[in-house]
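Some labels applied to a model rest on numerical cut-offs. The turns below ask for the grounds of each one.

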Amino acid sequence: MTSVGYGDFGPRNVLERMVCTWIVLTSGLSWAYILGEVCAIVSEMTAESQRFRKKMHHLNSLMEEQGLPTPLRCRLRSFFLQNRHQAQHL
């Protein structure tokens, strides 16, 4: 069993136990979520992923320089994302 704090003070009644239980559960779930997100970020750090991000950055810069309308920008980004998704699942 894990504890919260130094253990000098503990819950004395039912309400305090419920609050402490809620805090421990919330903290554990938050920690699991954060750890999962960090692992997902690290797993995406492949060379292919970096090349794709660089390509998308160049695309965004080009669209900005050319002053393309926003709906066309969205369509172009969507095309590149769908193309990448299809290439990954072949």
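Q: What makes up the secondary structure of the chain, in helices and strands?
A: The chain has three helices and zero strands, and from the N terminus the order is α-α-α. Helices (H or I, at least four residues) and strands (E, at least two) are DSSP runs, numbered from the N terminus. This is a predicted model, in which local features need pLDDT of at least 70, side-chain atom pairs need pLDDT 80 or more, and totals for chains, interfaces and linings use all residues. Residues are numbered from 1 along each chain as its sequence is written, and side-chain values use heavy atoms, without hydrogens and water.

Q: Why is the chain called more spread out than a compact globule?
A: Its radius of gyration is 24 Å, well over the 12 Å that the globule rule gives for 90 residues, so the chain is more spread out than a compact globule. The radius is taken over C-alpha atoms, and the rule is 2.2 Å times the number of residues to the power 0.38. Along the principal axes, the C-alpha atoms fill a box of roughly 65 × 30 × 20 Å.

Q: Why does Tyr33 count as exposed?
A: Exposed means over 50% relative accessible area, buried under 20%, and partly exposed in between (1.4 Å probe, protein chains only). Tyr33 has 56% relative accessibility, so it counts as exposed. Tyr33 lies in helix H1 (residues 14–43).

Q: How much of the chain counts as buried?
A: Of its 90 residues, 8% count as buried.
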